[in-house]
Amino acid sequence: MTSELTAGTEFATVAEFRSQLVAWLDSHDLTPPPGDHSLNAKHTQHARVLKELYDAGWMRWGWPESAGGLGGPMILRAIVGEEVVGRRLDDPGPYSMLEVLTPTMIDYARPELAAEMVPRLLSGEETWCQGFSEPGSGSDLASLSTRAQQRSDEWVINGQKVWTSFAQYAKRCVLLTRTGPGHSGITAFFVDMDSPGVDVRPLRTMHGVDEFCEVYFDDVVVPADRMLGNPGDGWQVAMDLLPYERSTCFWQRIAYLYSRLDALVGEVKSLGQSADSELGETYLALHTLRCRSRATQLRLADGNKLGADTSIDKVLLAGAEQKLYDTVRDLLPGVIELDDTEWRTEYLYSRAATIYGGTAEVQRNIIARRLLDLGKE
């Protein structure tokens with residue numbers, strides 16, 4: 001990461017910022033309570049960690065003052081996320097929503113709305129969700145069909161979303177709807193999840209956690225001033241959101257995967273096994289991913305526009321994550337198949353790494369066509 005900070009922060013260097021953050025975390029016990037690994041417990045822990053970090057100022061660095069932040073470069077919030085998730089104080093899933101949804105609000109919401117709402121998200125007072133995917137529109141987001149129709153100074157929304165992470169806990173939703181044909185007919189709204197007509201139904205997946213939900217919208221009325229941007233800006237909202245999803249969010253997940261590799265090494269040693277080759281290959285996959293993600297982080301921090309190049313990050317993340325948990329299965333015999341542990345849950349979740357956030361097939365096609373200029377076939 002870059003070594004110097006811009007003027008206006010209390011820290012001369014990134015290293016100084018990290019050093020003071022680490023010292024603060026070392027002196028404040030934010031460890032999750034033992035024994036309860038339920039989604040409810042993780043949601044409670046997420047809110048607790050954010051409140052402590054926000055009250056101490058750490059969660060506010062890297063965000064603009066106009067939205068309740070303390071200013072400074074975005075690299076600061078990447079460091080906070082890396083330390084928090086790497087220490088397993090919070091899970092990468094709920095934490096990553098900060099990096100996906102906060103920039104969207106700052107860039108597209110009315111300034112007054114962003115100033116009111118963003119501190120609620122960063123402080124853990126509220127959680128939000130992202131209503132993009134639909135039963136017939138997963139990787140093909142442009143084909144979404146949830147419709148918003150204007151009625152005077154309101155919009156009425158009807159449709160269904162699926163794979164909506166943590167919707168059962170969310171107070172608000174950044175929602176993509178169709179207001180016309182094609183890409184220019186997609187419009188984004190900021191919807192209160194307690195609005196009449198919103199129905200959230202958690203989905204039980206094979207890894208045994210109700211993380212994802214179906215969300216139904218039945219004549220849901222949304223004020224016109226809750227539109228993000230202008231009519232037809234929804235596709236651009238989605239495209240601008242993607243770099244954050246594949247830069248800072250990935251950086252945090254990588255920190256989490258490194259922590260799990262450390263745990264695996266510890267368990268292998270406790271069994272008296274020698275598995276340098278397999279552990280080395282796993283480390284190499286994670287290190288390659290981290291190097292690529294670091295470069296992406298720096299490009300984004302320098303103000304560069306990210307696009308198709310982040311498909312490389314996505315392919316590397318999926319491969320490294322599955323490699324890690326394949327190694328767990330190989331080196332800890334029976335722990336996946338027979339034991340009800342975190343390893344089993346995470347192994348099952350890792351099977352979806354080549355699907356969620358854009359399938360591996362779609363990402364490789366993007367790389368071939370848009371980066372390597374290999375054509376459509």
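Here are three short exercises on a predicted model, each with a worked solution.

**Exercise 1. The nonpolar cores**

Find which residues touch the most other members of the largest nonpolar core, and which helix gives the most to this core.

Solution. Start with the core itself, which has 74 residues. Within this set, Phe17, Leu53, Met59, Met105 and Leu264 touch the most other members. Next, turn to the helices: H7, residues 248-270, gives the most, with 9 residues. Now zoom in on Phe17: setting aside residues up to four places away in sequence, Phe17 touches Phe11, Trp58, Trp61, Leu76, Ile79 and Val80. Finally, look for a separate core: a second one has 18 residues, including Ala148, Leu175, Val191 and Phe217.

**Exercise 2. How H3 meets H7**

Work out whether helix H3 is roughly parallel or roughly antiparallel to H7.

Solution. First take the geometry: H3 (residues 75-86) packs against H7 at an angle of about 30 degrees, and the axes are 8 Å apart. Angles under 35 degrees count as roughly parallel, so H3 is roughly parallel to H7. The crossing is right-handed. Then list the contact: H3 brings Ala78, Gly81, Glu82, Val85 and Gly86, while H7 brings Thr248, Trp251, Gln252, Ala255, Tyr256 and Ser259. Sorted by type, these residues are 5 nonpolar, 5 polar and 1 charged.

**Exercise 3. An arginine in H7**

Decide whether arginine 253 is buried or exposed.

Solution. Locate arginine 253 in helix H7. Its relative accessibility is 14%. Buried means under 20%, so arginine 253 counts as buried. To see its surroundings, leave aside neighbours within four places in sequence: arginine 253 contacts Pro92, Leu317, Glu321, Tyr349 and Tyr356.

Note on methods
Residues are numbered from 1 along each chain as its sequence is written. This is a predicted model: local features need pLDDT of at least 70, side-chain atom pairs count only at pLDDT 80 or more; totals for chains, interfaces and linings use all residues. Side-chain values use heavy atoms; hydrogens and water are left out. A nonpolar core is a set of buried Ala, Val, Leu, Ile, Met, Phe, Trp, Tyr and Cys residues joined through side-chain atoms within 4.5 Å. Buried means under 20% relative accessible area, exposed over 50%, partly exposed in between (1.4 Å probe, protein chains only). Helices (H or I, at least four residues) and strands (E, at least two) are DSSP runs, numbered from the N terminus. Contact means heavy atoms within 4.5 Å. Axes are lines fitted to C-alpha atoms, for helices over the stretch in contact, and angles run from 0 to 180 degrees between N-to-C directions. Angles under 35 degrees count as roughly parallel, over 145 as roughly antiparallel, 65 to 115 as roughly perpendicular and the rest as oblique. A crossing is left-handed if the near helix is turned anticlockwise from the far one by less than a right angle, and right-handed if clockwise. Ala, Val, Leu, Ile, Met, Phe, Trp, Tyr, Cys and Pro count as nonpolar, Asp, Glu, Lys and Arg as charged, and the others, Gly among them, as polar.
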